[in-house]
Each structure stands twice: as structure tokens, then as C-alpha cells.
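Thanks for sharing this one. Here are some notes to read alongside the coordinates, grouped by region.

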Amino acid sequence: MLLLQQTTLVPKLLLFSKSDFSFNPCSSSPSTRVSFMDKHTKSSSLKQSHKQFQSSVLACQASTDTHDTSFRKDDLPAHGVSEVIVGVLGGGQLGRMLCQAASEMAIKVMVLDPLANCPASAIAYDHMVGSFDDSATVQEFAKRCGVLTVEIEHVDAATMEKLEQQGVDCQPKASTIRIIQDKYLQKVHFSGHGIPLPDFVQIDDLEGAKRAGDLFGYPLMLKSKRLAYDGRGNAVAKSEEELSSAVNALGGFDRGLYVEKWTPFVKELAVIVARGRDNSISCYPVVETIHKENICHIVKAPAGIPWKIRKLATDVAHKAVSSLEGAGVFAVELFLTKDGQILLNEVAPRPHNSGHHTIEACYTSQFEQHLRAVLGLPLGDPSMKTPAAIMYNLLGEDEGEPGFHLAHQLIGRALNIQGASVHWYDKPEMRKQRKMGHITFTGPSMGILEARLKSMLKEEGSESRTAVTPRVGIIMGSDSDLPIMKDAARILTMFGVPHEVRIVSAHRTPEMMFSYALSAQDQGIQIIIAGAGGAAHLPGMVASLTPLPVIGVPVRASALDGMDSLLSIVQMPRGVPVATVAINNATNAGLLAVRMLGVGDTDLLARMSQYQEDTRDDVMKKAEKLQTDGWETYLNP
């Protein structure tokens with residue numbers, strides 16, 4: 001193994017055998033970055049050396065050594081996705097997940113964080129121990145990075161502005177950080193760009209707060225301008241008498257306060273928005289966020305809202321991020337009101353809790369996207385690769401070891417649930433309501449994932465990995481249709497497609513039909529095969545209630561030889577399509593369902609191709625036998 005030992009004179013090339021030592025990437029000595037350990041050292045010595053190694057690393061990382069720069073980074077060939085070192089102010093769970101995403105592309109990420117054992121420290125390319133809001137420390141850290149970004153907005157914006165003037169590449173820009181970290185200034189900025197917001201006003205004294213109460217009514221939301229996140233910095237006054245206590249709870253008027261009109265929202269939504277260096281914008285699907293004690297607790301993706309509301313929320317988020325400067329990922333938090341308005345709540349200039357599900361649920365995670373954006377790489381595809389996802393935040397339920405025990409119990413149950421992915425942030429201290437990790441569930445429908453989440457949250461009856469969700473629903477108006485409809489079930493069984501068979505009458509049990517049609521999508525059903533005879537209302541009525549494809553099977557009744565059933569199905573009005581097959585041909589309905597599912601299922605598509613090949617071979621064998629034996633022998637074997 002060859003190592004370059006740097007001295008104050010000239011580089012000297014040394015030759016060693018790999019088995020003679022172990023390599024330590026950094027030591028506290030200012031004259032060298034190489035240290036050795038005898039391979040015969042006993043176990044106890046190894047542990048002690050490991051402790052010394054850790055302290056040496058920290059000393060080295062925080063040092064201000066200068067080194068020979070005759071070999072410039074720009075002169076070296078690029079072998080990775082990017083040779084630029086990304087510096088991140090903050091090394092919490094967001095920094096950790098940024099490092100995880102970076103490792104997949106061999107991108108080097110350094111973090112600046114005051115905690116030696118912060119979540120990102122174990123996997124970062126380098127960790128400088130120091131405060132990310134200390135000007136001198138940030139300036140020293142910036143010297144080691146090619147681009148500077150943040151995982152928390154509560155940094156020293158003035159220092160970032162100074163660094164930008166010196167030519168340091170900061171993404172997003174310091175101007176954006178300055179706007180975002182003052183929530184009142186943020187409101188003023190977005191209001192000036194025509195973005196819908198709750199009404200707000202600055203308050204400087206109790207009289208101003210009372211005037212705001214008279215203007216907006218009660219309850220009244222009081223907020224701190226700065227250092228407010230995860231519910232911190234918010235206080236509600238339900239009446240004028242509660243204003244003083246609300247102000248005191250926020251630290252008094254000297255903290256800088258403003259008032260926001262109470263928004264009676266029906267849902268809280270969020271949109272993760274990526275902005276490239278070329279000002280290109282890419283929006284992730286809208287999600288619903290559910291909070292527990294003002295902390296994001298559950299995220300549902302996509303949000304269960306009408307398409308026009310999704311578009312409106314995306315448009316507001318796009319416009320908000322377009323008004324800011326710099327590249328990166330931004331989280332836009334929104335309110336949906338009962339009259340269908342979308343109001344902007346606030347924006348975070350970094351990856352966000354509302355986007356953690358993107359790691360498993362989207363083609364490009366928010367963390368990879370942030371790295372792409374700040375490095376000037378093409379933005380990735382933000383669309384979901386699974387029909388539904390739920391992110392559950394693991395918040396501390398108790399202090400210390402009891403809290404860890406409760407969290408690990410929950411994790412143990414999650415690991416037994418299909419489609420669950422566990423993320424543990426490895427924080428050394430457990431506190432109540434502290435974000436310790438998260439669990440993401442992905443699957444075929446929101447209803448199924450909600451059931452899986454419920455099973456994780458209770459100790460008994462956790463869902464088995466072997467639980468199978470029906471993909472096709474076979475329904476019929478009467479059991480007299482079953483001798484025909486069983487052929488569809490037989491085909492689906494042959495192809496290994498999970499399905500259910502139900503009696504759902506459009507005339508005798510209309511409430512059941514309505515319930516089934518409206519809930520089928522949430523239950524994971526992807527296609528409905530509906531058989532009916534006579535007036536054959538079932539397929540059309542179901543198709544009018546669900547966005548899922550419906551295949552109608554006309555069943556021959558005692559009169560009209562099934563033609564009434566066929567015509568009732570095919571004569572649906574425009575806008576309510578129902579596919580159909582020949583009278584009594586439930587076999588083709590099953591095969592059509594398999595082909596439709598095969599569009600997004602390569603295994604089913606391959607099995608369908610094999611089925612066609614087997615059918616052709618069967619016909620060829622019969623043709624050959626007929627030609628060889630003659631028709632008389634063929635008919636009378």
C-alpha cells in the first residue's frame with residue numbers, strides 16, 4: 001500500500017505492507033494525517049486506541065491547519081457524480097439523511113454541528129465540531145467546502161451574506177435564509193408576491209395585541225418572529241383576558257411578536273418543492289400532515305383531496321418558492337379551509353419532516369433532490385412509485401431509558417409489518433416529544449396503510465407479513481350469477497392475482513353497493529368485475545361511483561337470452577365507461593383484468609405471454625392430431 005506522507009519540505013513516498021497497520025484518516029498531529037496501529041495489539045488496547053482515535057478525529061476536524069496546496073482539487077480528475085464537497089450547517093437527522101443519500105452517489109458531505117455525537121457524525125465524510133451560528137466557526141468551515149447549505153434555518157444569515165460577498169457558494173442564498181428565519185418578514189415577503197396567507201399584523205405592546213383581537217376576533221394566534229419551529233413560538237389566546245399570559249409564554253414583546261388571524265382549516269397540507277440552479281422548479285405530490293402537540297406526527301401521501309385542490313396547493317407552493325433565491329429543497333406548509341381555499345402557513349428552506357416518505361415512496365428522495373439542486377445536477381423525478389405512503393414520526397414518549405424501551409417496542413412491531421421501513425436517528429438522549437426516528441409504510445392504498453399503522457400502534461393482533469390484499473373485486477347481484485362468475489375467479493387464481501368474491505345487489509342492497517364502490521380504492525382494489533343479468537344495473541352504477549376500471553359481465557337470464565344484460569351494460573352514458581365481454585364470458589373478464597394489471601406488473605405480463613404461448617401450443621397439438629388421425633378418429637378416439 002502506498003501512502004503520501006506530507007512534511008514541511010517535499011512529499012516522500014513510503015511503502016508499507018497492508019497487513020502491518022490499520023489506517024486512521026486523521027490524527028491530532030499538525031504534521032501528518034497518517035497514524036498506525038500494530039496488528040498484534042490486544043483487544044483492550046484496541047478499545048483504548050479507538051477512544052483515542054475518536055478524540056484525535058475531533059481535534060483534527062476542528063483544527064485550522066494549513067496544508068500544501070500545490071495540488072489543487074480543480075486539477076484532479078473527477079471520478080464521482082460530483083467532486084464538490086457539500087458543507088451542511090447542522091448535523092441532526094436531516095443532515096444524517098442527506099449523508100445517506102450522498103453515499104449512494106459517492107458525494108462528500110461535511111457537517112458543522114456543536115455535538116460530537118450528532119446524528120450525522122457517524123456517516124458524514126467529515127464532521128467539524130462547532131456552532132453553526134458562530135460567525136468565525138462558520139467562516140472556517142466554509143473554507144473546507146465547495147458549496148454551503150443548511151439543514152436548519154436558524155443560522156447566522158449575516159455571516160452567510162459575508163461569505164457570499166467573498167465568493168463562497170451558498171445554496172439557498174443568504175437572502176432566502178434571512179427571510180425565512182423571521183416569520184413575520186416571511187409573511188410580509190409572500191404577501192408582497194400575491195401569495196394567499198392568513199391575515200397578520202405585528203404587535204409591539206399589549207394595546208396592539210388588543211387591537212389585533214378586535215380586528216381578527218378570537219381565538220387569536222400569537223407567534224414569535226424568530227426561533228419558532230415544531231410548535232415552539234406559538235401561543236393561543238382564546239379571549240382578551242388571555243393575551244397577557246400568551247405574550248408571557250412567548251417571552252414578552254422584546255422577543256418580537258406578531259398576530260395571525262385564526263384559520264379554521266380542515267386539513268394541513270405540505271408540498272416539497274425543489275429548485276435547481278437554473279431556476280427550474282419540480283414539485284412533489286401534495287401530502288397531508290397531522291400534528292401532535294404542534295409537532296408533525298403523521299404524513300399521508302398523496303393527500304386525500306380533490307385533484308383541483310392538489311393543483312391549487314401545488315401552484316401556491318410553486319409560486320412561493322419561485323419568489324425566493326437559491327437552489328435546494330423547500331417545504332411549503334399550507335392550510336386547506338372548509339371553503340376550498342389554500343393559505344400558506346410557512347416555508348422551510350431545506351428538507352423537511354413532511355418529505356421523509358420520499359425515501360421509499362418517490363423515485364427521487366427529497367434528500368437526493370437537495371444534493372442534486374445545490375450541486376447543479378439535473379433534478380430527479382419527484383413522482384411517487386407506490387400508490388400510497390404513510391410516514392409516522394417516532395416521538396419520545398418518556399425520558400431516558402423508559403423512552404428508548406417504548407420506542408424499540410414499537411420498532412419491533414413495525415418490523416413485522418409488510419411494507420414498513422424503519423429509520424432510527426441514533427440520538428444519544430431520549431426526551432419527550434423529541435424526534436427520534438420515523439417509520440414509513442408503503443402499499444397499494446391509503447386504507448390498507450392506515451390499517452397497518454393501527455396494527456403497529458397496538459400490541460395485540462399486529463398484521464402478519466403474509467396478509468394479502470385483494471387486487472380485483474368480483475361482485476354480482478345474486479348467488480345465481482356465481483356459476484358464471486366463478487370462471488373469472490378461476491382465471492385470477494391461475495395467475496396468482498389476489499381477489500375477493502362478493503354479492504352486492506344494486507336493487508336489493510343499494511347501500512351496500514354504494515359503500516363497496518366508494519371504499520374499493522381505499523381498500524386496495526384496482527379493478528372491479530361486476531356480473532349482472534336482466535336490467536344489469538350493477539356494473540354501471542358501480543362505475544359511476546368509483547374511479548376504478550369496471551368490467552361488466554352480462555349474465556344470461558331466463559328471458560331475452562342475455563341480450564338485455566349486454567345492452568344495459570354497453571349503453572352507458574358518456575362519461576361513465578364500463579368495459580364488457582361476451583354474454584356469460586367471465587373467463588375473458590378475468591383475462592382482461594390480468595392484462596390491465598400487467599401494464600404495471602412485469603411478472604403478470606410475462607405470465608400472460610406464457611398463457612398465450614400455451615394456448616397456441618395447445619391449438620397446434622390439436623391441429624397436428626387432427627391432420628394425423630383424420631377427423632373420424634379425432635372425434636371417436
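Please keep in mind throughout that this is a predicted model.

1. Let me begin with strand β15, residues 328-337, which is mostly covered: 10 of its 10 residues are buried. On one side, strand β11 (residues 265-275) runs antiparallel to β15, and 10 bridges join the two. Strand β16 (residues 342-348) also pairs with β15 in the antiparallel sense, over 6 bridges.

2. L334 is a handy residue for following this pairing by eye. L269 stands opposite L334 of β15, and in β16 the bridge partner of L334 is L344. If you step through the bridges in a viewer, L334 would be my suggested starting point.

3. What links β15 to β16? The two strands form a hairpin, with 4 residues between them. In the turn, G340 has a positive phi of about 85 degrees.

4. T289 deserves a look as well. This residue is found in strand β13, residues 287-292, and has a relative accessible area of 7%. Buried is under 20%, so T289 counts as buried. Leaving aside residues up to four places away in sequence, T289 touches E268, L269, A270, I298, V299 and S354. Note that L269 is in that list and is also the residue that stands opposite L334.

5. Helix α5 (residues 174-181) is mostly covered, with 6 of its 8 residues buried. Which residues of α5 are the buried ones? They are A174, T176, I177, I179, I180 and Q181. The cover over these residues includes β6 (147-150), α4 (157-165) and α6 (183-192), along with β15 and β16. The hairpin strands of point 3 therefore turn up again here, as part of what covers α5.

6. The packing of α5 on α6 can be described in some detail. Their axes come within 5 Å and cross at roughly 110 degrees, which means that α5 is roughly perpendicular to α6. By class, the contact of α5 with α6 has 3 nonpolar, 3 polar and 2 charged residues. From α5 the participants are R178, I179, I180 and Q181, and they meet K183, L185, Q186 and H189 in α6. Of the α5 participants, I179, I180 and Q181 are also listed among the buried residues of that helix.

7. On cysteines, a search of the whole structure finds 0 disulfides. C145 is in no disulfide, and the nearest cysteine sulfur, that of C170, is 9.8 Å away. The cut-off for a disulfide is 2.5 Å between sulfur atoms, so that distance does not qualify. C145 counts as buried at 14% relative accessibility. C296 is buried too, with a relative accessible area of 6%.

8. Please check the cis peptide bonds. One joins Q171 and P172, with omega of about -5 degrees; P172 is found in the loop between α4 and α5. Another runs from A301 to P302, with omega near -5 degrees. P302 has its place in the loop between β14 (295-301) and α9 (307-322).

9. Two residues other than glycine have a positive phi and are worth a glance on the Ramachandran plot. A106 has a phi of about 55 degrees and lies in the loop between α2 (93-104) and β4 (109-113). For N279, phi is near 70 degrees, and this residue is found in the loop between β11 and β12 (281-283).

10. Are those two residues buried or exposed? Neither label fits, because partly exposed is the class between 20% and 50%. A106 counts as partly exposed at 49% relative accessibility, and N279 counts as partly exposed at 48%.

11. A last remark concerns D126, which lies in strand β5, residues 126-129. At 18% relative accessibility, D126 counts as buried; the limit for that class is under 20%. D126 and G87 are 39 residues apart in sequence, while their C-alpha atoms are 9.2 Å apart in space.

Notes
Residues are numbered from 1 along each chain as its sequence is written. This is a predicted model: local features need pLDDT of at least 70, side-chain atom pairs count only at pLDDT 80 or more; totals for chains, interfaces and linings use all residues. Side-chain values use heavy atoms; hydrogens and water are left out. Buried means under 20% relative accessible area, exposed over 50%, partly exposed in between (1.4 Å probe, protein chains only). Contact means heavy atoms within 4.5 Å. Two strands pair if DSSP finds at least two bridges between them. Axes are lines fitted to C-alpha atoms, for helices over the stretch in contact, and angles run from 0 to 180 degrees between N-to-C directions. Angles under 35 degrees count as roughly parallel, over 145 as roughly antiparallel, 65 to 115 as roughly perpendicular and the rest as oblique. Ala, Val, Leu, Ile, Met, Phe, Trp, Tyr, Cys and Pro count as nonpolar, Asp, Glu, Lys and Arg as charged, and the others, Gly among them, as polar.
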